[in-house]
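Here is a short tour of a model, meant to be read with the viewer open. Please keep the sequence at hand as well.

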Amino acid sequence: ESAISLTVACIVGTLSHFLLDAVPHNEFYHRLGKYFLPLFVLELVLTFVAVFGPAFYREGFDYGRFLSVLVGMSGGALPDLAWMVKRLFKVNFYVVDLIAKANSLFHSNQQVDLGWSLSLQISLVLIFLYILHLKT
C-alpha cells in the first residue's frame, strides 16, 4: 500500500473516532476496575474477528487490505491512546497534547443511560461492519 493511502486510512479512522465521540455515550469503562484489562483485550479480539474474519473467509488474506484496515483502526484508537498516555504517564508531548485536546473538543460531555448507549454503539458498529464488508 502507498504511504498516501495509509495516511488517508489513519486520518479517516481518527476523524471517525471524533465523530462517534460527539454522540452522547456512557463512559462505563472507568468503573470496571480490575476487569478493565481483560474486557479491553476481549473487545480487541472481537473487533479483529468482526472486521477481518468475513473478508479472510470470503477472499483470503490480502496484505494491502489488511494493512490499510489495520492503520485505519489504529487511527481510530489514536485519540483514546493519546488520552491514556497523557493521563497514565503524565507526559507533555506536543502531538499527544494536540490529539488529546482535539478529542476533548469533539467529545460529548452528556452522559446517557448505559443500556441506551450500548444499544446505539452496537447498532452503529453493525452498520459500519455491514458497509465494510459489502462487496463492490
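Where is V41 found? V41 sits in helix α2, which covers residues 36-59; helices here are DSSP runs of H or I with at least four residues, strands are E runs of at least two, and both are numbered from the N terminus.

Before going further, a word on the ground rules. This is a predicted model, in which local features need pLDDT of at least 70, side-chain atom pairs count only at pLDDT 80 or more, and totals for chains, interfaces and linings use all residues. Residues are numbered from 1 along each chain as its sequence is written, and side-chain values use heavy atoms, with hydrogens and water left out.

**Overall picture**

The protein has 5 helices and 0 strands, giving the pattern α-α-α-α-α along the sequence. Its mean pLDDT (the predictor's confidence in each residue, from 0 to 100) is 79, and 89% of the residues score at least 70. Among the elements, α1 has the highest mean pLDDT, at 87, and α5 the lowest, at 75. Where pLDDT is low, the predicted coordinates should not be read in detail.

The accessible surface comes to about 9700 Å², and carbon and sulfur atoms account for 73% of that; such areas come from the Shrake-Rupley method with a 1.4 Å probe, and for residues only the protein chains shown count as cover. Of the 136 residues, 24% count as buried. Here buried means under 20% relative accessible area, exposed means over 50%, and partly exposed lies in between (1.4 Å probe, protein chains only). Among contacts (heavy atoms within 4.5 Å) between residues at least 6 apart in sequence, 74% join residues at least 24 apart.

**Five residues to look at**

| Residue | Relative accessible area | Class |
|---|---|---|
| D21 | 10% | buried |
| V85 | 23% | partly exposed |
| S123 | 37% | partly exposed |
| V41 | 43% | partly exposed |
| F93 | 54% | exposed |

Back to V41 and helix α2. V41 belongs to a nonpolar surface patch of about 590 Å², together with L37, F40, L44, V45, F48 and V49. Patches are made of residues with over 30% relative accessible area and no salt bridge, with like charges joined within 9 Å and nonpolar side chains (Val, Leu, Ile, Met, Phe, Trp, Tyr) within 5 Å. A salt bridge is a side-chain nitrogen of Lys or Arg within 4 Å of a carboxyl oxygen of Asp or Glu.

What does D21 touch? D21, in helix α1 (residues 3-21), touches D80, N103, F106, H107 and S108, leaving aside residues up to four places away in sequence.

V85 is placed in helix α3 (residues 63-89). With the same kind of neighbours left out, those up to four places away in sequence, V85 touches K90, V91 and V96. V85 and A100 are 15 residues apart in sequence, with their C-alpha atoms 9.4 Å apart in space. F93 lies in the loop between α3 and α4 (94-106). From F93 to A82 the C-alpha to C-alpha distance is 9.8 Å, with their positions 11 residues apart in sequence number.

Finally, S123 is found in helix α5 (residues 114-132). A polar atom of the S123 side chain lies 2.8 Å from the backbone oxygen of S119.

Methods:
A polar contact is a pair of N or O atoms within 3.5 Å; within protein, one must be able to donate a hydrogen and the other to accept it, and residues adjacent in sequence count only if both atoms are side-chain atoms.
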